Amino acid sequence: MALIELFDLHVTYNGHNNGSGMAALGGVDLAVEDGELLCVIGPSGCGKSTLLNVLAGFIAPTSGEALLDGRPITGPGPDRAMVFQDAALFPWLCVNGNIDFVMKIDRRQRAERVQVRRELVSLVGLEGFEHVHPHELSGGMRQRVAIARALAMRPRVLLMDEPFGALDAQTREHLQDELLRIWQQTGTTVVFVTHNVEEAAYLADKVAVMSERPGRILKLVDVGCGRPRTRLQPSVCDVKRRLLEILPTSVGPNGSACCTTESGGD
């Protein structure tokens, strides 16, 4: 049995199109194995973020099933953590304070919190910045804090909604490598939404390619490349080509999927 299972998942938002509702997801079937790194890619507005929000428990499906370890997802829980495009850190807290925050909510003892903070700061490569506040950090460093804060919840599933989308190309590639290192060390299941075909081909074990809205899975592509891999190795380039052939979009020069329909419900 897969860790995450979606069966004929539909989500419709009310209050759109003169009150008739807007279908964001139109029958998603998907399985994600424990420890897998799955990328989800598709045109803007196809429901990728809606899919993550269902997995996080922020949105209830209109119909169909979303299961985690065989049990229905009925709301948020500490077994799932979300990392957004914006790091969304607390500006009044330093790096340690932001990581500590979720553990205080979980009422963990101070000794445990100190140990976990040290481990996570080392894991994301922020030694020496423990007492620095978000406005003093680069965008890439803020995203590292966001990842550390999410991992402090000890989640089984890390949900990532275009976490590197706003970063420059060099920082983005560096954080892709950091994510792979962290994923391999922790064994956490990752569901990673991206518009970037190259990013998906480089990172993923499998890539779920979504249709235009209402979103469904057009194809689940098994990347099949060994690790470690490089961005320019022939097998990775072949995966990128296969994804481009499946995507129902035009594609920009940087390999990002460009929307051909009106954006919304992404």
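This report looks at one helix pair and the largest pocket of a predicted model.

Residues are numbered from 1 along each chain as its sequence is written, and side-chain values use heavy atoms, leaving out hydrogens and water. Local features need pLDDT of at least 70 and side-chain atom pairs count only at pLDDT 80 or more, while totals for chains, interfaces and linings use all residues.

**The helix pair**

Let's start with helix 2 (residues 95-105) and helix 3 (residues 110-123), whose axes come within 10 Å and cross at roughly 130°. Helices here are DSSP runs of H or I with at least four residues, and strands are runs of E with at least two. The crossing angle makes helix 2 oblique to helix 3. Helix 2 passes helix 3 in a right-handed crossing. On the helix 2 side, Val-95, Asn-96, Ile-99, Asp-100, Met-103 and Lys-104 meet Arg-113, Val-116, Arg-117, Leu-120 and Val-121 of helix 3, with contact meaning heavy atoms within 4.5 Å.

**The largest pocket**

Now to the largest pocket, with a volume of about 460 Å³. Its lining has 23 residues, and Arg-80, Ala-81, Met-82, Val-102 and Met-153 lie nearest the centre. Strand 6 (80-83), helix 2 and helix 4 (139-151) each supply at least two lining residues; strand 6 gives the most, with 4 residues.

Here is the make-up of both sets of residues.

| Set | Nonpolar | Polar | Charged |
|---|---|---|---|
| Contact of helix 2 with helix 3 | 6 residues | 1 residue | 4 residues |
| Lining of the largest pocket | 17 residues | 1 residue | 5 residues |

Technical notes: Axes fitted to C-alpha atoms, helices over the stretch in contact; angles between N-to-C directions. Parallel < 35°, antiparallel > 145°, perpendicular 65-115°, else oblique. Left-handed = near helix turned anticlockwise from the far one by under 90°. Nonpolar A, V, L, I, M, F, W, Y, C, P; charged D, E, K, R; others polar. 1 Å grid on protein atoms, 1.4 Å probe; cavity = no way out; pocket = protein on both sides within 12 Å on 5 of 7 lines; lining within 4 Å. Points joined across faces, edges and corners; volume = space filled by probe spheres on them.
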